[in-house]
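Colleague: I am new to reading models of this kind, and I would like to understand the reasoning behind the words that are used. Could we go through them together?

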Amino acid sequence: MSVDQSPIRGSRRSNPATYTGLLEPIRKAFAKKNGVKPALFSANSEGACPSCNGAGVVYTDLGMMAGVATTCEQCEGRRFDASVLGYRLPARTSARCWPCR
Ligand SMILES: [Zn+2]
């Protein structure tokens, strides 16, 4: 569990896998293959969609009422910046189950 998240962002995360470290091998593999920093492939870090800050959804604050969540139009709920989404691993390796390697 990261302690550098703001309370609001942390409580609204819907994907607990981002906290478990399960995705870390995937980030490192992408970074190594593409020659960039692993942080780019974290929706909590540099790779986050600038529109929704990596949440995948945009919250509309309705004041006294509960906020309404809509899928982020910029990343279409994929949580990452468009430039990050363009990175790919070779099909041969991406077909494998990374956590099982
Ligand atoms: Zn977005």
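**Reasons behind the words**

Modeller: Let us begin with K37, which counts as partly exposed at 48% relative accessibility; please keep in mind throughout that this is a predicted model.

Colleague: Why is K37 called partly exposed?

Modeller: Buried means under 20% relative accessible area and exposed means over 50%, with partly exposed in between. K37 has 48%, so it belongs to the class in between.

Colleague: What makes the contact of K37 with E46 a salt bridge?

Modeller: The term asks for a side-chain nitrogen of Lys or Arg within 4 Å of a carboxyl oxygen of Asp or Glu. In K37 and E46 the closest N and O atoms are 3.0 Å apart, and therefore the pair meets the cut-off. E46 is likewise partly exposed, at 45% relative accessibility.

Colleague: How many salt bridges does the structure hold?

Modeller: There are three salt bridges, and one of them joins the side chains of R27 and E24 at 2.8 Å, N to O. These two residues are three apart in helix 3, which means that about one helical turn separates them. R27 is buried, with a relative accessible area of 10%, whereas E24 is partly exposed, with 29%. Another salt bridge is formed by R78 and E76, whose closest N and O atoms are 3.3 Å apart.

Colleague: How do you know which class of exposure E76 belongs to?

Modeller: E76 has a relative accessibility of 55%, and because the cut-off for exposed is over 50%, E76 counts as exposed. Its partner R78 has a relative accessible area of 44% and is partly exposed.

Colleague: What is noted about the phi of E76?

Modeller: E76, which lies in the loop between strand 2 and helix 4, has a positive phi of about 55° although it is not a glycine. Most residues other than glycine have a negative phi. R79 also has a positive phi, of about 75°, and is not a glycine either.

Colleague: Where is R79 found, and what does its side chain reach?

Modeller: R79 is in the loop between strand 2 (68-71) and helix 4 (82-85), and its side chain reaches the backbone oxygen of G54 at 2.7 Å. With a relative accessible area of 12%, R79 is buried.

Colleague: Which atoms are the protein donors of the zinc ion?

Modeller: The donors are the SG atoms of C49, C52, C72 and C75, lying 2.3 Å from the zinc ion. Donors must be within 2.8 Å of this metal, so these sulfur atoms qualify. C52 sits in the loop between helix 3 (24-34) and strand 1 (57-60), while C72 sits in the loop between strand 2 and helix 4, so that the pair, 20 residues apart, links distant parts of the chain.

Colleague: Why is the site of the zinc ion called tetrahedral?

Modeller: Four donors count as tetrahedral if all angles lie between 85 and 135 degrees. The angles among the four donor atoms of the zinc ion are 107 to 114°, and therefore the site is tetrahedral.

Colleague: Are the donor residues C49, C52, C72 and C75 buried or exposed?

Modeller: C49 is buried, with a relative accessible area of 1%, and C52 is buried with 8%. C72 is buried at 1%, and C75 counts as buried at 1% too.

Conventions. Residues are numbered from 1 along each chain as its sequence is written. This is a predicted model: local features need pLDDT of at least 70, side-chain atom pairs count only at pLDDT 80 or more; totals for chains, interfaces and linings use all residues. Side-chain values use heavy atoms; hydrogens and water are left out. Helices (H or I, at least four residues) and strands (E, at least two) are DSSP runs, numbered from the N terminus. Buried means under 20% relative accessible area, exposed over 50%, partly exposed in between (1.4 Å probe, protein chains only). A polar contact is a pair of N or O atoms within 3.5 Å; within protein, one must be able to donate a hydrogen and the other to accept it, and residues adjacent in sequence count only if both atoms are side-chain atoms. Donors are N, O and S atoms within 2.8 Å of the metal (3.2 Å for Na, K and Ca); water is not among the atoms, so sites may look incomplete. Four donors count as tetrahedral if all angles lie between 85 and 135 degrees; four count as square planar and six as octahedral if opposite donors are over 155 degrees apart and all others between 65 and 115; anything else is irregular.
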